[in-house]
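Dear colleague,

I am handing over the structure we spoke about, and it is placed directly below. Please look through it before reading my notes.

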Amino acid sequence: MVDRLRGDRGIWRRGIVLALCSVLLTLLMAVHAKVPNRLGNLGSLIETFLPWIALLLPVLLVLGLLRRSATALVALLLPAVVWLNVFGGLLTDKSGSGGDLTVATHNVNAGNPDPEGTAQQVAGSGADVVALQELPGRKVFTYEKALADRYPYHSVQGTVGLWSKYPLADTRPVDLKMGWTRAMRSTVRAPQGDVAVYVAHLPSVRVKLQAGFTANQRDNSADALGEAIADEPVDRVVLLGDLNGTMNDRSLNAVTSQMRSTQGAAGDGFGFSWPASFPMARIDQIMVKGVEPTSSWTLEATDSDHLPIAARVEF
């Protein structure tokens with residue numbers, strides 16, 4: 001077989017198109033920030049699902065083998081190396097022990113058929129602080145009742161809420177420029193010191209044939225949230241919420257440029273959280289500044305279409 005391949009003069013001539021596909025994938029990953037958002041927010045859409053480019057690599061490998069093309073197989077090394085450089089760090093377990101505060105966040109879904117069970121399941125994570133998003137007014141009391149025994153302090157602002165084992169102070173809504181309240185902040189008086197906790201649910205995004213990736217309202221709200229966090233006087237800050245975007249999405253730069261993802265710093269794997277039935281993206285986020293993430297993980301599914309996530313940080 002090897003002798004036959006050595007005598008095959010077309011082994012370097014075949015597969016030019018496959019090699020070009022590998023080069024294009026490499027460029028897409030390397031310079032994804034240069035893909036313009038002017039046309040249907042195409043850049044943000046690509047960045048949301050950027051890790052899934054890895055699925056194309058085995059396809060190109062099989063096609064290269066079928067074509068018996070050395071050119072295609074060698075070119076495939078380019079996107080493979082770039083993908084590992086961009087996402088390889090997420091494949092290892094970076095979680096550690098210790099920590100001073102455990103936090104959890106969950107978009108519970110307004111249509112959740114079992115709010116009590118969902119609340120108790122998230123509380124069962126052992127979190128000291130729990131943030132919930134998409135709380136319908138008619139079900140707020142159910143969540144409050146389910147969490148009352150574990151969390152003596154809480155506040156609900158609009159459709160988001162914060163429950164804590166420690167006292168809360170200076171609690172107020174955060175204006176996301178939407179016309180109604182979907183974000184809040186509060187100072188948690190933890191035993192090790194104060195920490196400002198933000199809870200946010202940025203506007204939803206949609207993919208439409210006529211309009212592309214409709215994310216303008218989310219982008220404007222992300223800018224407003226970033227401004228609020230930048231002006232925060234408390235040194236330790238934790239952001240919990242459904243941001244309807246990933247850490248790769250340049251439209252969330254107002255937030256992500258000043259905070260660290262606990263999953264990226266101390267998680268195991270990608271930590272995808274949506275949709276719960278087949279997670280494809282981590283749009284639910286725990287971000288921090290002024291504290292050190294020690295571990296980050298995804299919790300078991302509830303009756304929501306999002307998975308809850310949790311993290312532990314040290315002061």
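What follows is a description of two sheets, some helix packing and a salt bridge.

The model is predicted, so that local features need pLDDT of at least 70 and side-chain atom pairs count only at pLDDT 80 or more, while totals for chains, interfaces and linings use all residues. Residues are numbered from 1 along each chain as its sequence is written, and side-chain values use heavy atoms, with hydrogens and water left out.

Helices (DSSP runs of H or I, at least four residues) and strands (runs of E, at least two) are numbered from the N terminus. One open sheet has six strands in the order S3-S4-S2-S1-S14-S13, with mixed pairing, where two strands pair if DSSP finds at least two bridges between them. Its edge strands, each pairing on one side only, are S3 (153-157) and S13 (292-298), and neighbouring strands are turned by 15° against each other on average, direction ignored. Within this sheet, S1 (residues 101-107) and S14 (residues 309-314) run antiparallel and are joined by five bridges, with Val-103 standing opposite Ala-311 of S14.

A further open sheet, again of six strands and mixed in its pairing, follows the order S5-S6-S7-S10-S12-S11, and is bounded by the edge strands S5 (168-173) and S11 (260-261). S11 is joined by two bridges to the antiparallel S12 (residues 284-289), where Val-288 is the bridge partner of Arg-260. Helix H9 (residues 216-230) lies across S7 (193-201), S10 (237-242) and S12, in contact (heavy atoms within 4.5 Å), and runs at about 170° to S7, axes being lines fitted to C-alpha atoms, for helices over the stretch in contact, and angles running from 0 to 180 degrees between N-to-C directions.

As for the helix pair, the axes of H2 (residues 16-30) and H6 (residues 77-87) come within 8 Å and cross at roughly 20°, and the two helices are therefore roughly parallel to each other (angles under 35 degrees count as such). Ser-22, Val-23, Leu-25, Thr-26, Met-29 and Ala-30 in H2 meet Leu-78, Pro-79, Val-82 and Trp-83 in H6.

Finally, the whole structure holds 11 salt bridges, each a side-chain nitrogen of Lys or Arg within 4 Å of a carboxyl oxygen of Asp or Glu. One of them joins Arg-250 to Glu-47, whose closest N and O atoms are 2.8 Å apart; this pair links the loop between S10 and H10 (253-256) with helix H3 (residues 42-48), across 203 residues.

With best regards

Notes:
Angles under 35 degrees count as roughly parallel, over 145 as roughly antiparallel, 65 to 115 as roughly perpendicular and the rest as oblique.
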